[in-house]
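Here are a few exercises to work through with the model open in your viewer. Try each task yourself before you read the solution.

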Amino acid sequence: MHATSRPVALVTGASSGLGREFVLQLARTGHDLVLVARDADRLESLADELRNKHGSVVEVMAADLAVDADVTRLVARIDRSPIDLLVNNAGFGTRGSIARTSRDGQEAMLRVHVLAAHRLAQAAVQGMVGRGSGAIIMVSSIASFLTSPGNVNYAATKAWQRLYIESLSLELAGKGVYAQALCPGYTHTDFHQRGGMDKTRVPGWWWMTADRVVADSLRAVRRRRPVVVIPGLGYRLAALALRFMPRWAWHLVIRSRR
Ligand SMILES: NC(=O)c1ccc[n+]([C@@H]2O[C@H](COP(=O)([O-])OP(=O)(O)OC[C@H]3O[C@@H](n4cnc5c(N)ncnc54)[C@H](OP(=O)(O)O)[C@@H]3O)[C@@H](O)[C@H]2O)c1
């Protein structure tokens with residue numbers, strides 16, 4: 001069992017980018033942490049930093065969320081000892097059409113963004129509902145509002161994540177558990193470099209910082225609303241337009257750019 005009375009947050013994708021920023025901000029506000037990602041060395045050095053700076057109790061669980069046995073280990077951890085906050089953040093982008101990209105990469109995306117995200121969320125929800133408290137953040141994307149050739153599974157899995165949370169939050173009404181779909185736009189992290197994307201093609205004013213995105217998300221956790229968090233006014237307006245724009249009009253925009 002966890003030894004302190006501080007709230008415990010489990011963060012996936014904690015080794016880099018938004019996940020690492022969640023960990024830093026949560027440690028500053030008195031959380032103990034369970035850090036999950038594949039890169040054990042980066043997790044261990046982050047854990048040391050948190051122990052030294054904040055006196056946090058930190059568990060490191062190196063895991064590949066595309067591997068069933070690793071996800072089963074994490075589910076067992078959640079079942080064994082309560083967590084107060086789950087941040088389902090791990091994710092990645094791929095580039096290229098379904099006809100040309102590797103089958104393995106596409107399947108791994110479905111495993112990480114959908115299957116692992118659901119298995120961890122269900123385990124967390126079952127414990128939290130029993131205790132009548134807790135919160136879940138699913139890091140979706142502004143891409144969840146788009147159809148996106150060249151990013152077919154990315155847009156589809158991010159839409160799945162947002163809709164999952166929108167439905168789940170209805171199930172959780174009155175049960176003391178808050179669910180959030182965080183839908184960031186372009187944010188400076190390792191994401192684009194890892195996915196082989198050219199950041200210079202996106203104008204500077206579209207970019208956000210990870211600390212701002214995470215601060216918006218955690219403010220919503222404290223207030224227990226809204227369910228869909230879209231950092232940045234420009235992105236909130238874009239999401240509004242995309243929600244109401246007929247699909248055929250959006251598809252004309254896409255075709256004109258190809
Ligand atoms: N940056 C953006 O512009 C942006 C915009 C919208 C949404 N998002 C979403 O934000 C989330 C975080 O991405 P980021 O921008 O922070 O990118 P990042 O810096 O590349 O971080 C991604 C994290 O996910 C982990 N990860 C990837 N595959 C994994 C796997 N199979 N098993 C376990 N962990 C895995 C990585 O850790 P290891 O490599 O150590 O495993 C890393 O910690 C993603 O879900 C992404 O879709 C990002």
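A residue counts as near a molecule when one of its heavy atoms lies within 4 Å of it. Keep in mind that this is a predicted model.

**Exercise 1. The shell around the ligand**

Task: Find how many residues surround the ligand, and which are the closest.

Solution: Start with the count: 32 residues surround the ligand. Next, pick out the closest, which are Ser16, Arg38, Tyr154, Thr189 and Arg194. Then sort the shell by class, which gives 14 nonpolar, 12 polar and 6 charged residues. Finally, turn to the helices: α1 (17–28), α5 and α6 (191–194) each supply at least two residues of this shell. Of the contributions to the shell, that of α6 is the greatest, with 3 residues.

**Exercise 2. Backbone atoms beside the ligand**

Task: Look for polar backbone atoms that lie 2.8 Å from an oxygen atom of the ligand.

Solution: Begin at leucine 18, where a polar backbone atom is 2.8 Å from a ligand oxygen. Asparagine 89 also has a polar backbone atom 2.8 Å from an oxygen atom of the ligand. Go on to threonine 187, with a backbone N or O atom at 2.8 Å from a ligand oxygen. To finish, consider the cover: on its own the ligand has 880 Å² of accessible area, and the protein covers 97% of that.

**Exercise 3. Reading the sheet**

Task: Work out in what order the 7 strands lie, and which stand at the edges.

Solution: Trace the open sheet across, and the order is β3-β2-β1-β4-β5-β6-β7, with parallel pairing. At the edges are β3 (58–62) and β7 (228–229); each has a single partner strand, so one side of each has no neighbour in the sheet. Now zoom in on β7: its parallel pairing with β6 (residues 177–182) runs over 2 bridges. One bridge partner to locate is valine 228 in β7, which is matched with alanine 181. Last, add the helices. Helix α5 (residues 152–171) lies across β5 (134–139), β6 and β7, at about 160° to β5. Helix α7 (residues 210–223) lies across β5, β6 and β7 too, at about 155° to β6.

**Exercise 4. Backbone geometry in a loop**

Task: Inspect the loop between α7 and β7, and describe the backbone at arginine 224 and proline 226.

Solution: First recall the background: most residues other than glycine have a negative phi, and most peptide bonds are trans. Then check arginine 224, whose phi is near 65°, a positive value. Next, follow the chain to the peptide bond from arginine 225 to proline 226, which is cis, with omega near -5°.

Key
Residues numbered from 1 in each chain as written. Predicted model: local features only at pLDDT ≥ 70, side-chain atom pairs only at ≥ 80, totals over all residues. Heavy atoms only, no water. Pairing = 2+ DSSP bridges. Helix = DSSP H or I, 4+ residues; strand = E, 2+ residues; numbered from the N terminus. Contact = heavy atoms within 4.5 Å. Axes fitted to C-alpha atoms, helices over the stretch in contact; angles between N-to-C directions. Polar contact = N/O pair within 3.5 Å; in protein donor to acceptor, adjacent residues only side chain to side chain. Areas by Shrake-Rupley, 256 points an atom, 1.4 Å probe, with all protein chains shown as cover. Nonpolar A, V, L, I, M, F, W, Y, C, P; charged D, E, K, R; others polar.
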